[in-house]
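Hi,

Here is the structure I promised to pass on. Have a look at it first, then read my notes underneath.

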Amino acid sequence: TKCRISRNTIKASYKLYINFMRGIGLLTYAIKGREYMPTSGQLVIANHPSLLDVVFLISAIRDSNCIVKDGLFKNPFTRPPIKAAKFIRNNSENLMEECVSSLQENAPLIIFPEGTRSNPGDQVKFQRGAANIIIASSCEVVPVIITCSPATLLKNQKWYQIPASPPHFELTFQPPIKFGVYASSEDPQCKVARRLTKDLETYFNQHPLLNSAS
């Protein structure tokens, strides 16, 4: 379909971009846990240390969907491909329904629950959107731990403020997690989402890869 072709064209272009960056010595990267990489309607949840995180994830995951900033829909250069790929606008009135529908169509959905890039060494703090999607869709979750050393392309940092040595990115896919107990809970959804969000934060904040990187 046109949507799948568009997504995989974006995937290929992002892969070309990061390999070009690696080829000229501006960065290095490694992708680990490839056996856990999603191939169907799973929610990909990642921490967000750098501007390039989404580029790496889309370049790695086939036919993936993601939530993107509204500004990209207004840019004449980025609007056509992301509309063709049916990427989801972050301020859409039907954001939840679009996310659940995408998962039901068997497309992996990438989301950064922090909502913005995190500061090095800070504990991750998630918004409840990811938890609400999990509860509404009963989907599996594939966590991805992203590290970058030395830190680069941080929040409020200019693109030209680069570290003295090339940054090394590592994306480590983790085994899928099922959260059926939350989806079947009889408690009010706001309470369940709050509890699930706390559990997701704990998973990331206590993960050895993030503790060793901080």
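Below is what I found, starting with the whole chain and then going place by place.

A quick word on the ground rules: this is a predicted model, so to speak of local features I needed pLDDT of at least 70, side-chain atom pairs count only at pLDDT 80 or more, and totals for chains, interfaces and linings use all residues. Residues are numbered from 1 along each chain as its sequence is written, and side-chain values use heavy atoms, with hydrogens and water left out.

**The chain as a whole**

You'll find nine helices and eight strands in the chain; these are DSSP runs numbered from the N terminus, with helices being H or I over at least four residues and strands E over at least two. Of the 214 residues, 46% are buried, meaning under 20% relative accessible area, while exposed is over 50% and partly exposed is in between (1.4 Å probe, protein chains only). About 11400 Å² of the chain is exposed, and carbon and sulfur atoms supply 53% of that; the areas come from the Shrake-Rupley method with a 1.4 Å probe, and for residues only the protein chains shown count as cover. Take the contacts (heavy atoms within 4.5 Å) between residues at least 6 apart in sequence: 74% of them join residues at least 24 apart.

**Helix α6**

This helix covers residues 129-137, and its buried residues are Ala130, Ala131, Asn132, Ile133, Ile134 and Ile135. Ser138, just after α6, has a positive phi of about 55 degrees.

**Leu72**

Leu72 sits in helix α3 (residues 70-74). It counts as partly exposed because its relative accessibility is 35%. Leaving aside residues up to four places away in sequence, Leu72 touches Thr78, Arg79 and Ile82. With Ile82, the C-alpha to C-alpha distance is 8.0 Å, and the two are ten residues apart in sequence.

**Glu170**

Look in strand β7 (residues 168-173) for Glu170. Its side chain makes a polar contact of 3.3 Å with that of His168. Such a contact is a pair of N or O atoms within 3.5 Å; within protein, one must be able to donate a hydrogen and the other to accept it, and residues adjacent in sequence count only if both atoms are side-chain atoms. Not counting residues up to four places away in sequence, Glu170 touches Ala30, Lys32, Ile145, Ile146 and Thr147.

**Gln206**

Gln206 lies in the loop between α8 (189-205) and α9 (208-213). With 59% relative accessibility, Gln206 counts as exposed. Gln123 is 83 residues from Gln206 in sequence, yet 9.4 Å away in space, C-alpha to C-alpha.

Cheers
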